[in-house]
Amino acid sequence: MTKERVLEALRNRQDQYVSGAALAESLHVSRTAVWKAVEQLRREGYPIESLPRMGHRLSSRSDVLSEFGIRQYLSDPGIRVQVFDSITSTNTVLKQMAAEDAPEGTALVAAEQTAGRGRMGRSFYSPKGSGLYLSLLLRPERTPRESTRLTACAAVAVAEAMEEIAKVSPEIKWVNDLLVRGKKVCGILTEAGLDFETGRMSYVIVGIGINLRRPERDFPEELRGIAGPAFGSREIPDVRNRLAAGVLNRLMKYARDPEADSIWQKYRDRLMVLGKQVLVLSPGQEPVQATALDLERDYALRVRLANGEEQILRSGEISIRVPEAADGNLRKRT
């Protein structure tokens with residue numbers, strides 16, 4: 001398409017003016033076709049400046065999420081991306097597509113979710129303009145219990161993509177959250193469809209929500225002590241397309257061999273709870289204080305209770321307790 005070719009040409013010379021004549025000649029189209037493509041890109045939100053006798057210039061601050069924008073960074077040919085300006089929930093819609101036999105590698109990416117979902121039936125705050133929300137369909141021949149490995153693969157994939165693009169070093173809070181500077185910047189929701197005849201999963205959907213910047217109206221009051229932006233106020237060119245592709249490339253690769261020792265080690269190296277006091281939260285029970293000892297090979301967490309008893313946690317949640325002041329009071333960070 002002319003529009004995509006014009007965008008690619010402008011991206012190759014970001015912050016530089018390129019004349020309409022030069023674009024038309026290099027792309028073998030008319031100047032009118034170039035102008036129409038530029039106008040369409042502008043309507044889609046691309047910050048393109050046009051001046052007489054100078055031509056067109058795409059700002060390096062461009063951060064428009066698009067299928068073309070993501071595809072140019074993808075390295076795995078098995079990934080099929082669909083991008084939405086707004087969607088109810090990438091996981092919800094992709095589950096419907098999975099039931100209709102969508103192939104492995106189908107990925108939905110959105111700039112906004114109106115009904116984003118988190119674990120334990122919670123909602124996931126997904127405002128427009130500040131985050132990246134995506135889901136990837138996998139079809140592994142595994143049991144539901146092994147889905148935790150795919151959650152771990154996703155956590156490592158997000159952490160590595162963030163490190164590559166923005167030089168930040170996220171920590172992992174067992175089992176599915178990533179934190180930067182002590183604040184949650186990413187949540188992961190893994191959902192599976194079960195084949196009752198085999199007892200194995202017919203599909204797995206890994207949903208990932210990332211807070212890139214602080215929302216225009218800030219986070220809701222109940223999240224302000226918990227959630228934060230991954231990249232603060234930093235301007236990173238084309239960050240959403242690059243990050244979406246970086247996460248998808250890695251997750252597809254790791255999902256093919258989720259039992260790899262290298263993935264387990266990368267996850268453990270980023271795990272922030274080891275050696276710390278935690279609260280073990282189980283549905284319908286009082287929180288129990290414990291010390292996080294180590295990560296088992298199946299990504300279960302081994303803890304020691306106050307009475308010295310050791311337990312293996314395979315589900316549920318934990319809250320981290322850290323010193324708040326010199327008087328020894330403790331602050332809970334969920």
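Leu138 is found in strand E5, which covers residues 131-138, in what is a predicted model. With a relative accessibility of 2%, Leu138 counts as buried, because buried means under 20%. Not counting residues up to four places away in sequence, Leu138 touches Glu104, Leu150, Tyr203, Val204, Val206, Met252 and Ala255. Another pairing to look at is Leu138 with Ala192: they are 54 residues apart in sequence, and their C-alpha atoms are 9.3 Å apart in space.

## Glu191 and its surroundings

Strand E8 spans residues 183-195, and Glu191 has its place there. Is Glu191 buried or exposed? At 15% relative accessibility, this glutamate counts as buried. Its side chain makes a polar contact with the side chain of Asn91, at 2.9 Å. Setting aside residues up to four places away in sequence, Glu191 touches Asn91, Lys95, Arg117, Tyr203, Val204 and Ile205. If you have the model open, Tyr203 and Val204 are good residues to display: they are among the residues touched by Glu191, and they are also among those touched by Leu138.

## Ser147 in helix H6

Helix H6 runs over residues 147-166, and Ser147 lies in it. The relative accessible area of Ser147 is 17%, so this serine is buried. Beyond residues up to four places away in sequence, Ser147 touches Thr190 and Met201.

## The loop between E6 and E7

Now for a loop with some backbone detail. Strand E6 (171-173) and strand E7 (177-180) are joined by a loop that holds Val175. The peptide bond from Trp174 to Val175 is cis, with omega near 10°.

Asn176 also has its place in the loop between E6 and E7. Which residues is Asn176 in contact with, leaving aside its neighbours within four places in sequence? They are Arg119, Thr151, Cys186, Gly187 and Ile188. For Ile188 there is a further detail: its backbone oxygen lies 2.7 Å from a polar atom of the Asn176 side chain. Asn176 counts as buried, because its relative accessibility is 6%. Asp76, by contrast, is not a neighbour in space: Asn176 and Asp76 are 100 residues apart in sequence and 24 Å apart from C-alpha to C-alpha.

## Two residues with positive phi

His28 sits in the loop between helix H2 (20-27) and H3. It has a positive phi of about 60° although it is not a glycine. Arg181, in the loop between E7 and E8, is another residue other than glycine with a positive phi, here near 50°. Are these residues buried or exposed? His28 counts as exposed at 72% relative accessibility, and Arg181 is exposed as well, with a relative accessible area of 61%.

The accessibility values for the residues discussed so far are put together here.

| Residue | Relative accessibility | Class |
|---|---|---|
| Leu138 | 2% | buried |
| Asn176 | 6% | buried |
| Glu191 | 15% | buried |
| Ser147 | 17% | buried |
| Arg181 | 61% | exposed |
| His28 | 72% | exposed |

## Helices H1 and H3

How do helix H1 and helix H3 cross? The axes of H1 (residues 2-12) and H3 (residues 31-43) come within 9 Å and cross at roughly 80°. That crossing angle makes H1 roughly perpendicular to H3, because angles of 65 to 115 degrees fall in that class. On the H1 side, the contact is made by Thr2, Lys3, Val6 and Leu7, and on the H3 side by Ala33, Val34, Ala37, Val38, Gln40 and Leu41. Sorted by class, the contact of H1 with H3 has seven nonpolar, two polar and one charged residues.

## The chain as a whole

Stepping back, the protein chain has eight helices and 15 strands. Its C-alpha atoms fill a box of roughly 80 × 55 × 35 Å along the principal axes. The radius of gyration is 22 Å, which agrees with the value near 20 Å that a compact globule of 334 residues would have. Buried residues make up 50% of the 334 residues in the chain. What share of the contacts with a separation of 6 or more comes from residues 24 or more positions apart? Such pairs account for 63% of those contacts in the protein chain.

Terms used: Residues are numbered from 1 along each chain as its sequence is written. This is a predicted model: local features need pLDDT of at least 70, side-chain atom pairs count only at pLDDT 80 or more; totals for chains, interfaces and linings use all residues. Side-chain values use heavy atoms; hydrogens and water are left out. Axes are lines fitted to C-alpha atoms, for helices over the stretch in contact, and angles run from 0 to 180 degrees between N-to-C directions. Helices (H or I, at least four residues) and strands (E, at least two) are DSSP runs, numbered from the N terminus. Angles under 35 degrees count as roughly parallel, over 145 as roughly antiparallel, 65 to 115 as roughly perpendicular and the rest as oblique. Contact means heavy atoms within 4.5 Å. Ala, Val, Leu, Ile, Met, Phe, Trp, Tyr, Cys and Pro count as nonpolar, Asp, Glu, Lys and Arg as charged, and the others, Gly among them, as polar. Buried means under 20% relative accessible area, exposed over 50%, partly exposed in between (1.4 Å probe, protein chains only). A polar contact is a pair of N or O atoms within 3.5 Å; within protein, one must be able to donate a hydrogen and the other to accept it, and residues adjacent in sequence count only if both atoms are side-chain atoms. The radius of gyration is taken over C-alpha atoms; the globule rule is 2.2 Å times the number of residues to the power 0.38.
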